[in-house]
Amino acid sequence: MLAETVCSAVSAAGLGIAAITAYRKRFLAATRIAAYSLVPVGLVMTGVVQWVSGIVFKPSVWLGFGLLGVAWLLFMTTRAVERRTGGTRKERRAAAAAQRDAVAPRASAPSLGGGPAQAAQPAAKAAAKAKAQPAPSEDFSDIEAILKKHGI
C-alpha cells in the first residue's frame with residue numbers, strides 16, 4: 001500500500017513538472033517528462049510493484065539471489081584460471097606432446113627434419129657447424145660492440 005502511494009505521488013509530481021515545462025514553451029521536453037512520470041502509475045496498475053515488493057521481503061528469495069551470485073563467481077573464476085593455464089587438461093597434454101615431437105620448437109621457421117633422430121643432435125655439433133662457416137667479408141665489429149654493451 002505504501003509503495004502504491006509513493007508511486008502515485010511521484011507521478012503527480014512528474015506531471016506537475018511537465019506542465020511547468022510546457023508553460024515555458026518546451027513542449028518536446030514536457031512530453032518526455034510526462035511519459036516518464038506515467039511509468040510508476042502504470043507499474044502499480046499492472047501489479048508489478050506488488051509482485052516486486054513481495055519478492056523483496058522474502059528471505060528465501062535473497063538466498064536464491066545469493067546462490068546465483070556464488071554460481072556466477074565460480075564460473076568466472078574457472079574461466080579466468082582456464083585462460084591462464086592454457087585450456088583443459090586434454091589440451092595441455094596435446095600441446096606438450098606436440099612440443100616434444102617438434103625438431104626445433106622455438107625456431108622461427110618450421111623445421112623440415114626427420115623427427116627424433118635429428119632432434120637428438122647435441123648442441124656442440126651445431127656450434128661446430130656455426131664456427132666452420134666462412135667469415136663474412138664485411139666487418140661487424142662495431143655492431144657486435146653495441147650488442148655486447150646492451151647485453152645481447
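This is a short group-meeting talk on a predicted model of a helical protein, from its overall make-up to a few of its residues.

Hi everyone, thanks for coming. Please keep in mind throughout that we are looking at a predicted model. Let me begin with the overall picture. How many helices and strands does the protein have? There are 8 helices and 0 strands, so the pattern along the sequence reads α-α-α-α-α-α-α-α. The protein has 152 residues, and 8% of them count as buried. About 13100 Å² is exposed, and 67% of that area is supplied by carbon and sulfur atoms. As for contacts, take those with a separation of 6 or more: residues 24 or more positions apart account for 29% of them.

Now let's go to helix H1. H1 covers residues 2-23, which makes 22 residues. From the first C-alpha to the last, H1 reaches 32 Å, close to the 32 Å expected at 1.5 Å a residue. Which residues of H1 are buried? They are Cys7, Ser11, Gly14, Ala18 and Thr21. If you look down the axis of H1, these buried residues fall within an arc of 80°, so they line one face of the helix. What do they pack against? The partners are H2 and H3. On the face turned away from the buried side, H1 carries the exposed residues Leu2 and Tyr23.

Let me zoom in on two of those buried positions, starting with Ala18 in H1. Ala18 has a relative accessible area of 7%, which is why we call it buried; the cut-off is under 20%. Not counting residues up to four places away in sequence, Ala18 touches Ala30, Ile33 and Ala34. With Ile33, the C-alpha to C-alpha distance is 5.5 Å, although Ala18 and Ile33 are 15 residues apart in sequence.

The second one is Thr21, which also lies in H1. Thr21 has 11% relative accessibility, so Thr21 counts as buried too. Once we leave aside its neighbours within four places in sequence, Thr21 is in contact with Arg26, Ala29, Ala30 and Ile33. You may have noticed that Ala30 and Ile33 are on the contact lists of both Ala18 and Thr21.

For contrast, have a look at another threonine, Thr31, found in helix H2. Is Thr31 buried or exposed? Thr31 is exposed, because its relative accessible area is 54% and the cut-off is over 50%. Thr31 and Thr21 are 10 residues apart along the chain, and their C-alpha atoms are separated by 8.9 Å.

Between those two helices there is a residue I'd like you to see. Lys25 sits in the loop between H1 and H2, just after H1. What is its backbone doing? Lys25 takes a positive phi of about 65° although it is not a glycine. Why point that out? Most residues other than glycine have a negative phi. At 65% relative accessibility, Lys25 counts as exposed.

Last stop: the surface. Which residues form the nonpolar patch? The members are Val39, Leu43, Val48, Trp51, Val52, Val56, Phe57, Trp62, Phe65 and Leu68, and together they have about 1000 Å² of accessible area. Two or more residues each come from helix H2 (27-46), helix H3 (48-56) and helix H4 (59-85). The largest share, 4 residues, comes from H3. One member you can pick out is Val48, whose place is in H3. With 34% relative accessibility, Val48 counts as partly exposed.

To put the pieces together: the buried residues of H1 pack against H2 and H3, and H2 and H3 also give residues to the nonpolar patch on the surface, along with H4. Between H1 and H2 lies Lys25 in its loop, with that positive phi. That's my tour of this predicted model. Thanks for listening, and I'm happy to take questions!

Methods
Residues are numbered from 1 along each chain as its sequence is written. This is a predicted model: local features need pLDDT of at least 70, side-chain atom pairs count only at pLDDT 80 or more; totals for chains, interfaces and linings use all residues. Side-chain values use heavy atoms; hydrogens and water are left out. Patches are made of residues with over 30% relative accessible area and no salt bridge: like charges are joined within 9 Å, nonpolar side chains (Val, Leu, Ile, Met, Phe, Trp, Tyr) within 5 Å. Accessible areas come from the Shrake-Rupley method with a 1.4 Å probe; for residues, only the protein chains shown count as cover. A salt bridge is a side-chain nitrogen of Lys or Arg within 4 Å of a carboxyl oxygen of Asp or Glu. Buried means under 20% relative accessible area, exposed over 50%, partly exposed in between (1.4 Å probe, protein chains only). The expected span of a helix is 1.5 Å times one less than its number of residues. The arc is that of the directions from the helix axis to the C-beta atoms. Contact means heavy atoms within 4.5 Å.
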